[in-house]
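Fancy a bit of hands-on work with a model? Grab your viewer and try the exercises below before reading the solutions.

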Amino acid sequence: MALDDLKAALPEYAKDLKLNLSAIIGNSDLPAQQLWGTVLACAMATRSPSVLRELEPEAKANLTPAAYNAAKGAAAVMGMNNVYYRTLHLLSDKEYSSMRAGLRMNIIGTPGVEKADFELWCFAVSAINGCGQCLDSHEAVLRKHGVEREVIQASMKIAAILQGVAATLDSEAVLAGVTA
């Protein structure tokens with residue numbers, strides 16, 4: 001199992017990450033599509049080759065082809081949107097916010113899966129990428145679709161854990177002289 005391999009790869013000082021991988025992802029109450037779509041989108045957002053290599057096969061096995069593609073699409077579009085909208089938020093000159101973005105985001109309107117699932121994946125990727133404006137926007141859509149706060153929180157936890165695992169494994173690889 002991919003989670004077991006990730007846990008085994010983590011050093012002893014990252015025991016909390018090992019425990020959280022088991023508790024939050026390994027024993028999740030989320031439906032398989034929500035869980036594995038979040039895991040795949042977040043694994044991509046971490047930019048960690050080791051995390052993505054370990055988790056992608058299990059995600060692919062647990063997702064329909066449409067959900068697999070949509071989860072990857074969520075990571076891709078949010079990789080762009082998080083930079084753009086975080087920059088708008090950080091700029092002192094608020095006139096930029098009134099300008100037309102002109103960025104294509106068609107997948108958000110027609111992701112090929114339930115809108116709430118796609119929004120959950122976008123929300124989790126936005127947590128990794130640190131875009132408050134996107135977090136607020138996707139959280140509002142999720143709540144409008146009746147998604148409970150506990151489900152939204154679960155996606156935050158998955159994002160946090162995978163980012164921590166990615167940072168740890170990638171740092172240890174650098175310290176060991178291994179390149180990705």
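Here come two exercises, each with a worked solution.

Some ground rules: this is a predicted model, where local features need pLDDT of at least 70, side-chain atom pairs count only at pLDDT 80 or more, and totals for chains, interfaces and linings use all residues. Residues are numbered from 1 along each chain as its sequence is written, and side-chain values use heavy atoms, with hydrogens and water left out.

**Exercise 1.** Work out how far helix H3 reaches and what covers its buried residues.

*Solution.*
- Step 1: H3 runs over residues 32-46, with helices (H or I, at least four residues) taken as DSSP runs numbered from the N terminus.
- Step 2: From first to last C-alpha, H3 reaches 21 Å, close to the expected 21 Å (1.5 Å times one less than its number of residues).
- Step 3: Twelve of the 15 residues of H3 are buried (under 20% relative accessible area, 1.4 Å probe, protein chains only), so the helix is largely enclosed by the rest of the structure.
- Step 4: The cover includes H2 (15-26), H4 (49-62), H5 (65-90), H7 (115-129) and H9 (149-175).

**Exercise 2.** Find where Cys-131 sits and list its contacts, then do likewise for Cys-134.

*Solution.*
- Step 1: An unreviewed UniProt entry lists both cysteines under "active site"; such annotations may be inferred rather than shown by experiment.
- Step 2: Cys-131 lies in the loop between H7 and H8 (132-144), and is buried at 0% relative accessible area.
- Step 3: Beyond four places in sequence, Cys-131 contacts (heavy atoms within 4.5 Å) Asn-82, Tyr-85, Arg-86 and Ser-126.
- Step 4: Cys-134, in H8, is buried at 6%.
- Step 5: With residues up to four places away in sequence not counted, Cys-134 touches Met-78, Asn-81, Asn-82, Tyr-85 and Ser-126.

Methods. Helices (H or I, at least four residues) and strands (E, at least two) are DSSP runs, numbered from the N terminus. Buried means under 20% relative accessible area, exposed over 50%, partly exposed in between (1.4 Å probe, protein chains only).
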